[in-house]
Structure formats: structure tokens, C-alpha cells
Number of protein chains: 2
Amino acid sequence: MTMAPETGISGVDLAVRLLTAPTALARLTQAEARLVVGLMSPVYYASGACLIREGDASDTGFMALVVQGEVVVENIIVSRTTPITTAVLGPGCLVGEMGLIDEGPRSASCTAGTDVYCAVLTRDAFYSLIVKEPALAAKLLLGVSAIIAARARESLQKLKLYASLCQTMQWEVDEMQRQIARLTAS
Amino acid sequence: MTMAPETGISGVDLAVRLLTAPTALARLTQAEARLVVGLMSPVYYASGACLIREGDASDTGFMALVVQGEVVVENIIVSRTTPITTAVLGPGCLVGEMGLIDEGPRSASCTAGTDVYCAVLTRDAFYSLIVKEPALAAKLLLGVSAIIAARARESLQKLKLYASLCQTMQWEVDEMQRQIARLTAS
């Protein structure tokens with residue numbers, strides 16, 4: 001993996017560093033991180049390129065560790081055409097882990113917000129890790145599950161906000177209806 | 001584990017059957033399921049008893065496989081006091097897996113809708129499985145991650161529904177405001 005020249009550090013070393021950081025998705029040792037990174041492929045996305053498209057049910061066989069740059073995560077929440085930015089993910093963050101795990105359609109779109117270097121782990125590589133290094137795979141899976149749980153918690157919190165907004169608006173609508181009835185009667 | 005007498009089958013056998021069913025959370029063999037069930041404790045909840053309380057951040061160290069009966073899952077969505085039933089889970093379903101994985105506060109309340117028999121796996125037992133039987137633990141974790149992903153997808157879908165409802169209501173509010181302005185002016 002060749003990273004942007006200015007870093008003076010190889011992509012593999014960067015990815016290993018990200019996987020062994022105290023805040024990393026799983027608590028991997030150097031040796032474990034090297035093993036995982038060894039199964040990953042370097043992929044470069046030019047700024048504006050699409051990594052993952054929301055709703056895509058065919059290309060779900062990979063997840064990607066952001067090694068350099070920023071990935072914009074977008075969801076088509078209300079409008080069917082205009083997506084809302086739900087997150088901007090930087091180095092050390094993972095994208096595409098849900099589709100990799102459950103083979104379901106992609107739940108969000110991910111676009112390169114800058115030039116982005118990723119380390120991509122395919123489902124096949126992940127499954128081969130489970131067979132060959134089950135203890136390491138279990139450790140990684142614990143981290144990935146926790147990330148998916150964080151996504152679930154985040155959606156639930158947003159859902160609660162929207163539900164409470166809906167209720168407030170319903171009160172407003174009720175009040176306005178009474179006002180219109182009064183105005184029409186007078 | 002002693003199940004309701006009418007089943008004529010032991011709780012262990014029932015739990016193993018549930019974990020090896022074609023629709024089970026993980027694709028475990030009989031031997032693997034027996035090993036997992038061996039780490040679980042039988043817990044009986046009388047109808048109406050609380051298994052898990054939403055927001056609880058202290059008692060997060062377990063997940064439970066429903067072996068017999070029905071568990072009602074509720075969320076405090078809008079009102080701070082009245083929860084909404086979001087699911088009713090029967091035999092073979094898992095509750096509490098998110099808190100077990102990420103040690104975060106409980107994301108929903110689970111109440112016994114009938115008399116309920118569960119097989120409970122504590123975090124300690126789960127971690128010991130990772131150490132002693134990593135391949136089996138990884139298999140189980142794949143299943144648990146997929147369940148968490150399903151929860152995340154479900155919340156996202158509901159979030160989209162609420163967001164779109166909010167937008168429709170906003171249009172209604174705007175229209176009514178115009179109507180009130182016309183009525184007030186005339």
C-alpha cells in the first residue's frame with residue numbers, strides 16, 4: 001500500500017498503527033494487527049468517489065478501514081433524492097461492516113470527502129481469518145459488533161428525537177386547527 | 001434447567017434445539033450448541049417480570065436466549081413515562097446482546113409477556129468461551145453481530161418513517177399558517 005508521499009510511512013504501518021491505537025476498534029497486538037492488515041487490500045479513492053452506495057445489495061462483500069483522508073457518510077432520510085450527511089469518518093474508522101456481517105443491502109452511502117486511502121477486508125478474507133486465526137477473528141468481531149451496536153444506538157437516539165418532534169408538531173397542528181375553526185366560525 | 005412440565009423435554013435440550021435450528025442466530029452444530037448451553041444458566045421469569053430495563057447502565061453483563069414463553073420489548077420513544085412495544089420475541093430469540101457486547105446502557109426494556117424460561121449467558125462466560133473455544137465464539141459472535149445489525153437496520157427504517165412523517169406535518173403546518181394569515185387578514 002503506498003500512501004500519500006508526505007506521510008513518509010507505509011500504508012501497512014499506518015493501518016497497523018490505527019488497529020493498535022488505544023481507541024482502535026479492537027484491542028489488537030502489533031502481531032495481530034499485522035496479520036489482519038496482511039489480509040487487506042489497499043484501495044485509493046479520489047475525492048468525490050463513491051465507496052459504498054445506500055441500498056446496494058450486490059456489492060456487500062467488503063468493509064474498509066479508513067487509513068488516510070475523510071469519508072462522508074450519507075443517508076437518504078426524507079427526500080428520495082437528497083441525502084443527509086450523518087457522519088464524517090477519518091483514519092481508524094470502519095465503513096461497510098454491517099453489510100459484510102449480515103450480507104444485507106448497504107445502509108448508507110460513503111463518499112470520499114478528500115482523497116482517501118483505505119485498507120479493504122473482503123468477506124472471503126474475513127471468513128478465512130475465522131478459520132485460520134479464530135481467536136484473533138473473535139477479537140476483531142467483538143470490536144466490529146461494538147461498532148454496529150454504536151450505529152444501532154445512534155439510530156435509536158435519532159429516532160427518539162424525530163418521534164418527539166412529531167409529537168410536538170401534532171400539538172401545533174391540533175392548536176392551529178382549533179384556531180382555524182374559531183376564525184371560520186366568527 | 002427445568003422447563004414447563006407439559007413440554008416433556010429438558011431445558012438444555014430445548015435450548016440446544018433452538019441454537020441448532022436452521023433459523024438459529026448462529027449455525028452451530030449439536031456439539032457446539034451443547035457447549036454454549038453448558039455455559040448458560042437457566043432463569044425463570046414469571047409473567048410481568050422485568051428482564052432488562054431501558055437505560056440501566058449497571059446490569060449489562062448478560063444476554064438471554066428465550067427458551068420458552070414470550071418477551072415484550074419496549075422503548076420509551078416519545079413520552080418519558082409510557083413505553084411503546086417494539087417487538088414480541090419468542091423461543092430462539094436473543095435479548096440483551098447489545099449491552100453484553102459494548103457494555104453500554106440497556107437500549108430497551110424487556111418484560112416477560114408470559115411465564116418465560118431463558119438461558120442466560122453472562123459476559124464472563126462469553127469471554128471465557130472466546131479464550132477456550134475461539135472458533136465457536138467467533139461463530140456465535142457472527143450471529144450476534146448479525147442480530148445487532150438487524151436492530152440497527154430496523155431503527156434506521158423507523159427513523160426514516162418518522163423523518164418523512166415530520167416533513168409531511170411541516171407542510172401541513174405551513175399550509176395552516178397561510179390559511180390562518182388569510183382568515184386573519186379578511
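# Reading a two-chain interface and its helices

Tutor: Chain A and chain B bury about 4400 Å² between them, with 76% of that on carbon and sulfur atoms. Keep in mind as we go that this is a predicted model.

Student: Glad to start there. Why begin with an area?

Tutor: The size of an interface is often given as the accessible area lost when the parts come together. Here you can put residue counts beside the area: chain A brings 47 residues to the contact and chain B brings 48.

Student: Which elements of chain A give two or more residues to the side that touches chain B?

Tutor: They are α3 (97-102), α4 (123-132) and α5 of chain A. The most comes from α5(A), with 32 residues.

Student: And how do the residues on that side of chain A divide by class?

Tutor: There are 29 nonpolar, twelve polar and six charged residues on the side of chain A that touches chain B.

Student: Let's turn to charges, then. How should I read a salt bridge?

Tutor: Side chains of opposite charge can pair when their charged atoms come close. Between chain A and chain B the count is four salt bridges. A good one to display is Lys160(A) with Glu54(B), where the closest N and O atoms are 2.4 Å apart.

Student: How many residue pairs are in polar contact across the interface?

Tutor: Nine, counting pairs in which both residues have pLDDT 80 or more.

Student: How many salt bridges does the structure hold over all chains?

Tutor: Over all chains there are 18. One inside chain A joins the side chains of Arg123(A) and Glu103(A), at 3.8 Å from N to O. That pair links distant parts of the chain, 20 residues apart: Arg123(A) lies in helix α4 of chain A, and Glu103(A) lies in the loop between α3 and β7 (109-112) of chain A.

Student: Now a helix pair. At what angle do α2 and α5 of chain A pack?

Tutor: Helix α2(A), residues 30-38, packs on helix α5(A), residues 134-185, at about 85 degrees, and the axes are 11 Å apart. An angle of 65 to 115 degrees counts as roughly perpendicular, and α2(A) and α5(A) are therefore roughly perpendicular to each other.

Student: Which residues make that contact?

Tutor: From α2(A) they are Glu32(A), Leu35(A) and Val36(A), and from α5(A) they are Leu136(A), Lys139(A) and Leu140(A). By class, the contact of α2(A) with α5(A) has four nonpolar, no polar and two charged residues.

Student: What about α2 and α5 in chain B?

Tutor: Helices α2(B) and α5(B) pack at about 85 degrees, with axes 11 Å apart, and are therefore roughly perpendicular to each other. Glu32(B), Leu35(B) and Val36(B) of α2(B) meet Leu136(B), Lys139(B) and Leu140(B) of α5(B).

Technical notes
Residues are numbered from 1 along each chain as its sequence is written. Chains are lettered from A and ligands numbered from 1 in the order in which they are written. This is a predicted model: local features need pLDDT of at least 70, side-chain atom pairs count only at pLDDT 80 or more; totals for chains, interfaces and linings use all residues. Side-chain values use heavy atoms; hydrogens and water are left out. Axes are lines fitted to C-alpha atoms, for helices over the stretch in contact, and angles run from 0 to 180 degrees between N-to-C directions. Helices (H or I, at least four residues) and strands (E, at least two) are DSSP runs, numbered from the N terminus. Angles under 35 degrees count as roughly parallel, over 145 as roughly antiparallel, 65 to 115 as roughly perpendicular and the rest as oblique. Contact means heavy atoms within 4.5 Å. Ala, Val, Leu, Ile, Met, Phe, Trp, Tyr, Cys and Pro count as nonpolar, Asp, Glu, Lys and Arg as charged, and the others, Gly among them, as polar. Buried area is the accessible area (1.4 Å probe) that two parts lose on being put together, summed over both. A polar contact is a pair of N or O atoms within 3.5 Å; within protein, one must be able to donate a hydrogen and the other to accept it, and residues adjacent in sequence count only if both atoms are side-chain atoms.
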